[in-house]
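Colleague: I would like a close look at one part of this model, and after that a connected account of how the parts around the main opening are arranged. Please go through it carefully and keep to what the coordinates support.

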Amino acid sequence: MRFSIIQSIFLIITSFLISEHVHAQDKYSFERARMVQSQIADRGITDQVTLSALKSVPRHLFVPEDQKSNAYSDYPLPIGYGQTISQPYIVAFMTEAISPIKGMKVLEIGTGSGYQAAVLKESGCEVYSIEIIPELYKQAIENITRAGYKNIRIKNADGYYGWTEHAPFDAIVVTAATEFIPPPLIGQLKEGGKMIIPLGNPYLVQQLTLAEKIEGKTITKSLLPVRFVPFTRN
Ligand code: SAH
């Protein structure tokens, strides 16, 4: 078989890109598997969809360059603008809490790095995510694209109002701390839908709360004490 110069250049470039990608995956896949076992499965997360999503999403592509060596560590990391990417265990806990299944329509408030959105996408969900800080919104799109995820819908807006055009949602994941559930978000949750949200003083400790809409009523259950960055308003 004979290749033209252009075909050869094309082949060299694609094989370089593929090997870079595979290399990045391989370099961290051991750390990622260890993270899922010791930080997540050993602490009681059993949902297979959640565990396998966390095993797949390249978390190191969602943290700043100078934090790469900590990407699989057991704590939150700074992502700029005073915000953080949550600890892996908390991401897993929130994902399991909404019982992700293929095709579920999920709204996330607080895109941040885009990591939780990618985990939801990897779990088979149809993902919509809202970020209030324009720079983080742009960064999240870059991270998600670099990690190879397509069709995650992100918008730069105040998540308080939800995303009416795409409502109602099967589940809503709120990743910023608030004293109360924003009423528009309750309105955009389907009957039987689940919301996971850190409720409490945004500057102290909050309770990760599961809210379920049952026969039009919102039933809440506190699950875990957590510390999230504040839910802000424009
Ligand atoms: N889920 C993120 C972590 C988010 S940190 C991740 O996986 O990396 C919380 C994020 O919520 C921050 O990026 C913050 O800017 C954003 N945020 C705070 N208030 C918001 C609001 N009203 N609407 C949308 N995003 C908000």
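In which loop, and between which two strands, is Pro168 found?

Modeller: The model is a predicted one, and in it Pro168 is found in the loop that runs between strand 5 (153-156) and strand 6 (169-174). The bond that joins Ala167 to Pro168 is a cis peptide bond, with omega at about 0°. As background, most peptide bonds are trans, and most residues other than glycine have a negative phi. The second half of that background bears on Tyr81, which is not a glycine and yet has a positive phi, near 55°. Tyr81 also has its place in a loop, the one between strand 1 (77-80) and strand 2.

Strand 2 leads on to the largest pocket, whose volume is about 560 Å³. The lining of this pocket is made up of 33 residues, and the closest to its centre are Thr84, Thr175, Ala176, Phe228 and Val229. Two or more residues each are given to the lining by strand 2 (83-85), helix 3 (88-97), strand 3 (105-109), helix 4 and strand 4 (126-131), and strand 2 gives the most, with three residues. Sorted by class, the lining has 17 nonpolar residues, 12 polar ones and four charged ones.

Two of the elements that contribute to this lining, helix 3 and helix 4, also pack against each other, at an angle of about 45° and with their axes 11 Å apart. Helix 3 is therefore oblique to helix 4, and the crossing of the two is right-handed. Their contact brings together Val91, Met94 and Thr95 from helix 3 with Tyr115, Gln116, Val119 and Leu120 from helix 4; by class these residues are five nonpolar, two polar and no charged.

Helix 4 (residues 115-122) has a second partner in helix 2 (residues 48-56), where the packing angle is about 125° and the axes are 8 Å apart. Helix 2 and helix 4 are therefore oblique to each other, and they too cross in a right-handed sense. Here Ala53, Leu54 and Ser56 of helix 2 meet Tyr115, Val119 and Glu122 of helix 4, a set that divides into four nonpolar residues, one polar and one charged. Tyr115 and Val119 thus take part in the contact with helix 2 as well as in the contact with helix 3.

Strand 4, another contributor to the pocket lining, is followed by one further loop that deserves a look, since Ile132 has its place there, between strand 4 and helix 5 (134-146). Setting aside residues up to four places away in sequence, Ile132 touches Asn156, Ala157, Asp158, Thr232, Arg233 and Asn234. With Asn234, which lies 102 residues away along the chain, the separation of the C-alpha atoms is 7.7 Å.

Methods: Residues are numbered from 1 along each chain as its sequence is written. This is a predicted model: local features need pLDDT of at least 70, side-chain atom pairs count only at pLDDT 80 or more; totals for chains, interfaces and linings use all residues. Side-chain values use heavy atoms; hydrogens and water are left out. Axes are lines fitted to C-alpha atoms, for helices over the stretch in contact, and angles run from 0 to 180 degrees between N-to-C directions. Helices (H or I, at least four residues) and strands (E, at least two) are DSSP runs, numbered from the N terminus. Angles under 35 degrees count as roughly parallel, over 145 as roughly antiparallel, 65 to 115 as roughly perpendicular and the rest as oblique. A crossing is left-handed if the near helix is turned anticlockwise from the far one by less than a right angle, and right-handed if clockwise. Contact means heavy atoms within 4.5 Å. Ala, Val, Leu, Ile, Met, Phe, Trp, Tyr, Cys and Pro count as nonpolar, Asp, Glu, Lys and Arg as charged, and the others, Gly among them, as polar. On a 1 Å grid over the protein atoms alone, a cavity is a set of points where a 1.4 Å probe fits but cannot get out, and a pocket is an open set with protein on both sides within 12 Å along at least five of seven lines; lining residues have an atom within 4 Å of a point. Grid points are joined across faces, edges and corners, and a volume is the space filled by probe spheres set on the points.
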